[in-house]
Amino acid sequence: MSCRVIGRKAESAFLETVLAVLRDRGVRTVTADFLPTGKNHLAERFLPDHGFVRHDNGRFSRDLNLPAPAALGDLPIDVTVEGLEMTNDVREPA
């Protein structure tokens, strides 16, 4: 995503839409990693600001049973996700 878009909530709309699709398909927890670099300090708070909790191992997770920090209707753009395929390939975190 372009740095010109970051901060205008497009990233929030995209994330919340994908998480809503996953929730509707029965996914209850999402795990994520943030790998800090010299150029991505703008994204350092992205996961915590979107309801992800940092664990002792450094990974983040979000319980999709809990309310989202922002309602999709409150975000400035409408995102439609097409072609998102789900598989039964469930991998354990590394």
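**Exercise 1. Salt bridges**

How many salt bridges does the count come to, if a salt bridge is a side-chain nitrogen of Lys or Arg within 4 Å of a carboxyl oxygen of Asp or Glu?

*Solution.* Step one is the total: the count comes to three salt bridges. Before we take them in turn, a word on the source: this is a predicted model, in which local features need pLDDT of at least 70 and side-chain atom pairs count only at pLDDT 80 or more, while totals for chains, interfaces and linings use all residues. Residues are numbered from 1 along each chain as its sequence is written, and side-chain values use heavy atoms, with hydrogens and water left out.

Step two takes arginine 62 and glutamate 16, whose side chains meet in a salt bridge at 2.8 Å, N to O. Arginine 62 belongs to strand β3 and glutamate 16 to helix α1, so this pair ties together parts 46 residues apart in sequence. (Helices, H or I of at least four residues, and strands, E of at least two, are DSSP runs numbered from the N terminus.) The contact between these two side chains also qualifies as polar, at 2.8 Å. (A polar contact is a pair of N or O atoms within 3.5 Å; within protein, one must be able to donate a hydrogen and the other to accept it, and residues adjacent in sequence count only if both atoms are side-chain atoms.)

Step three is aspartate 33 with arginine 59: their closest N and O atoms are 2.8 Å apart. Aspartate 33 sits in the loop between β1 and α2 (46-49), and arginine 59 in the loop between β2 and β3, so the salt bridge ties together parts 26 residues apart in sequence.

Step four is aspartate 49 with arginine 45, where the side chains meet at 3.2 Å, N to O.

**Exercise 2. Cover over the charged residues**

Which cover class, buried or partly exposed, does arginine 62 count as?

*Solution.* Start with the cut-offs: buried means under 20% relative accessible area, exposed over 50%, and partly exposed in between (1.4 Å probe, protein chains only). Arginine 62, at 2% relative accessibility, counts as buried. Its partner glutamate 16 has 4% and is buried too.

Now apply the cut-offs to the other pairs. Aspartate 33 is partly exposed at 46%, whereas arginine 59 is buried at 16%. In the remaining pair, aspartate 49 is partly exposed with 45%, and arginine 45 is partly exposed with 48%.

Finish with one more acidic residue, glutamate 11, which lies in helix α1 (residues 10-24). Glutamate 11 is buried, with a relative accessible area of 14%. Its C-alpha atom is 9.0 Å from that of phenylalanine 46, a residue 35 positions away along the chain.

**Exercise 3. The sheet**

In what order do the three strands form the open sheet?

*Solution.* First, collect the elements: the protein has two helices and three strands, in the pattern α-β-α-β-β along the sequence.

Next, look for pairing, which requires that DSSP finds at least two bridges between two strands. Four bridges join β1 to β3, and these strands run antiparallel. Two bridges join β2 to β3 (residues 60-63), again antiparallel. The order is therefore β1-β3-β2 in an open, antiparallel sheet. The edges are β1 (29-32) and β2 (53-54), each paired on one side only.

Then check individual partners. Serine 61 of β3 is the bridge partner of valine 53, and threonine 31 also stands opposite serine 61.

Last, follow the side chains of β1. In a regular strand, side chains alternate between the two faces of the sheet. Here Val30 and Ala32 point to one face and are buried, while Thr29 and Thr31 point to the other and are not.

**Exercise 4. The whole chain and its confidence**

What is the mean pLDDT (the predictor's confidence in each residue, from 0 to 100) of the protein?

*Solution.* The mean is 78, and 65% of the residues reach 70 or more. Now look at residues 90-94: pLDDT stays under 50 there, and the model has two contacts for them beyond four places in sequence. (Contact means heavy atoms within 4.5 Å.)

To complete the picture, add the overall values. Of the 94 residues, 24% count as buried. Among contacts with a separation of 6 or more, 67% come from residues 24 or more positions apart. The protein exposes about 7200 Å², with carbon and sulfur atoms supplying 52% of it; the areas come from the Shrake-Rupley method with a 1.4 Å probe, and for residues only the protein chains shown count as cover.
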